[in-house]
Amino acid sequence: MGPSLLLSLLLLPASLQADSSKECSPNANFGINQPESLSAPEGGSTCIFFSYFHCWELAKDPRLSIAIKRRDFHGEVIYNSTQRFIHKDYKNRISLDLSQGQNSGTLCIQNLRKEDENRYFCRVQVETLRDGKKVWQSIPGTKLTITDAVQATTKGTTTAATITADLNVVEDNGSSASSPLSVGAAVGVALAGVVLIIAVLGLIVFLRWKRSKGLQTKARTVARESVQNTEEKYENIGITDDLTPQGPRASLCPG
C-alpha cells in the first residue's frame, strides 16, 4: 500500500463528516409534520399526530421539550411537556404521548367542547451538541373542527346529546331490525302509560265506591225490615189486649 493511498484513507472520514455537515442546512433540514385538519363531535375526543425531523447532532442530554399553541403561530401555549403546564381550559382533558426512540408523538383532547374549535401548532425544542438550543414550530398547524354531538343507537347507552331507545320492527323483507325511538315518540309512550295508570286507579276507586254504596243500601234495607217487624209485633200485642174478657165494674149489694 503506497503512502498516497494510506493518506487518502486517513482523510476519508474527515471528508465524509465535512460533506455531512454541509448537507445539514439550518434553513431547510428541519420541520414538523401534522395533519392539515381534523374534525370530531362535541363530547368526543380527538388526537393530533405529529412528527419532527432535523439534521443537528443532539447533545448527550437533548432535553426534548414539546409545546402546543392554539389560535395562530404566535398564540398562547396550552401545553408544555417539560414545565408540566396545562392551560386551565384543558385541565384533565389533554395528554401527550411521545414515542420512545422516534421523533413523533400524539396530542389527545377528551370531552371536546365547542370552544376547542381552533388551530393547533406543535413546537419542538432540543439541545444540540455544537449548535446550542434549537426551537422550531409548525407553520400551518392543524385546524380542529367541532361538530354536533351524534346520537347513539346501541341499546342501553347514553350520549352527551340525547338518550335513545331501541324497538324491534319488522322490515319489508320480514327480518327483524333495530330502530331508534324518537324523543317525541318516547314522550308519547310515557304519557300513554301515565293515562293508563290513572284509568286503572280510577276504576279501582269506582269499584270500591260502588261496593261501599251497595253495603250501605243493604244495611238500610235490613234496618227498615227490623223496624217494620217491631211495629207489627206491638200492633199484635194491642189487638190481644182488646180481646181479653174484662170483669164487672160493679156488684149488687144484698138487700
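1. Two strands count as paired if DSSP finds at least two bridges between them. E1 and E3 (residues 46-53) meet that cut-off, because 3 bridges join these two strands, which run antiparallel. The model under discussion is predicted, and the points below should be read with that in mind.

2. On the sheet: E1, E3, E8 and E7 form an open sheet of 4 strands, in that order, with antiparallel pairing. Strand E1 (31-33) and strand E7 (94-98) are the edge strands, each pairing on one side only. On average, neighbouring strands of this sheet are turned by 20° against each other, direction ignored. Strands of a sheet pair through backbone hydrogen bonds, and the pairing can be parallel or antiparallel.

3. On the register within the sheet: between E1 and E3, Asn 33 stands opposite Ser 51 in E3. E3 is also joined to E8, here by 6 bridges, and these two strands run antiparallel. In that second pairing, Ile 48 has Leu 107 in E8 opposite to it. In a regular strand the side chains alternate between the two faces of the sheet.

4. On Ile 109: this residue lies in strand E8. Is Ile 109 buried or exposed? Its relative accessible area is 1%, under the 20% limit, so Ile 109 is buried. The C-alpha atoms of Ile 109 and Gly 44 are separated by 8.7 Å, although the two residues are 65 residues apart along the chain.

5. On internal space: rolling a probe the size of a water molecule over the atoms shows where empty space is left. How many cavities of 30 Å³ or more does a search of the whole structure find? The search returns 1 cavity. About 40 Å³ of space lies in the largest cavity.

6. On the lining: the largest cavity is lined by Gln 34, Ile 48, Phe 50, Ile 68, Leu 107, Tyr 120, Phe 121 and Cys 122. The elements giving two or more residues to this lining are E3 and strand E9 (118-127). E9 supplies the largest share, 3 residues. By class, the lining holds 7 nonpolar residues, 1 polar residue and no charged ones. Ile 48 and Leu 107, both in the lining, are the residues that stand opposite each other across E3 and E8.

7. On Thr 142: the residue is placed in strand E11. Thr 142 counts as buried, because its relative accessibility of 0% is under 20%. From C-alpha to C-alpha, Thr 142 is 6.6 Å from Phe 121, with their positions 21 residues apart in sequence counted as the separation. Phe 121 is one of the residues lining the largest cavity.

8. On salt bridges: 8 are found in a search of the whole structure. Among them is the pair Glu 57 and Arg 130, whose side chains meet at 2.4 Å, N to O. Glu 57 lies in the loop between E3 and strand E4 (65-70), and Arg 130 in the loop between E9 and strand E10 (133-137), so this pair ties together parts that are 73 residues apart in sequence. Glu 57 is partly exposed, with a relative accessible area of 44%, whereas Arg 130 is exposed, at 56%.

9. On Lys 114 and Asp 148: which interaction do the side chains of these two residues make? Lys 114 and Asp 148 meet in a salt bridge of 3.2 Å, N to O. Lys 114 is in the loop between strand E8 (104-109) and E9, and Asp 148 is in the loop between strand E11 (142-147) and strand E12 (165-170), so the pair ties together parts that are 34 residues apart in sequence. Lys 114 counts as partly exposed, with 38% relative accessibility, and Asp 148 as exposed, with 56%.

10. On the remaining charged contacts: the side chains of Asp 61 and Arg 63 meet in a salt bridge at 3.8 Å, N to O. This separation satisfies the criterion because a side-chain nitrogen of Lys or Arg has to be within 4 Å of a carboxyl oxygen of Asp or Glu. Arg 63 is exposed, with a relative accessibility of 57%. Salt bridges also link Arg 70, Arg 71, Glu 76, Lys 88 and Asp 89 in a network.

Definitions and conventions
Residues are numbered from 1 along each chain as its sequence is written. This is a predicted model: local features need pLDDT of at least 70, side-chain atom pairs count only at pLDDT 80 or more; totals for chains, interfaces and linings use all residues. Side-chain values use heavy atoms; hydrogens and water are left out. Axes are lines fitted to C-alpha atoms, for helices over the stretch in contact, and angles run from 0 to 180 degrees between N-to-C directions. On a 1 Å grid over the protein atoms alone, a cavity is a set of points where a 1.4 Å probe fits but cannot get out, and a pocket is an open set with protein on both sides within 12 Å along at least five of seven lines; lining residues have an atom within 4 Å of a point. Grid points are joined across faces, edges and corners, and a volume is the space filled by probe spheres set on the points. Ala, Val, Leu, Ile, Met, Phe, Trp, Tyr, Cys and Pro count as nonpolar, Asp, Glu, Lys and Arg as charged, and the others, Gly among them, as polar. Buried means under 20% relative accessible area, exposed over 50%, partly exposed in between (1.4 Å probe, protein chains only).
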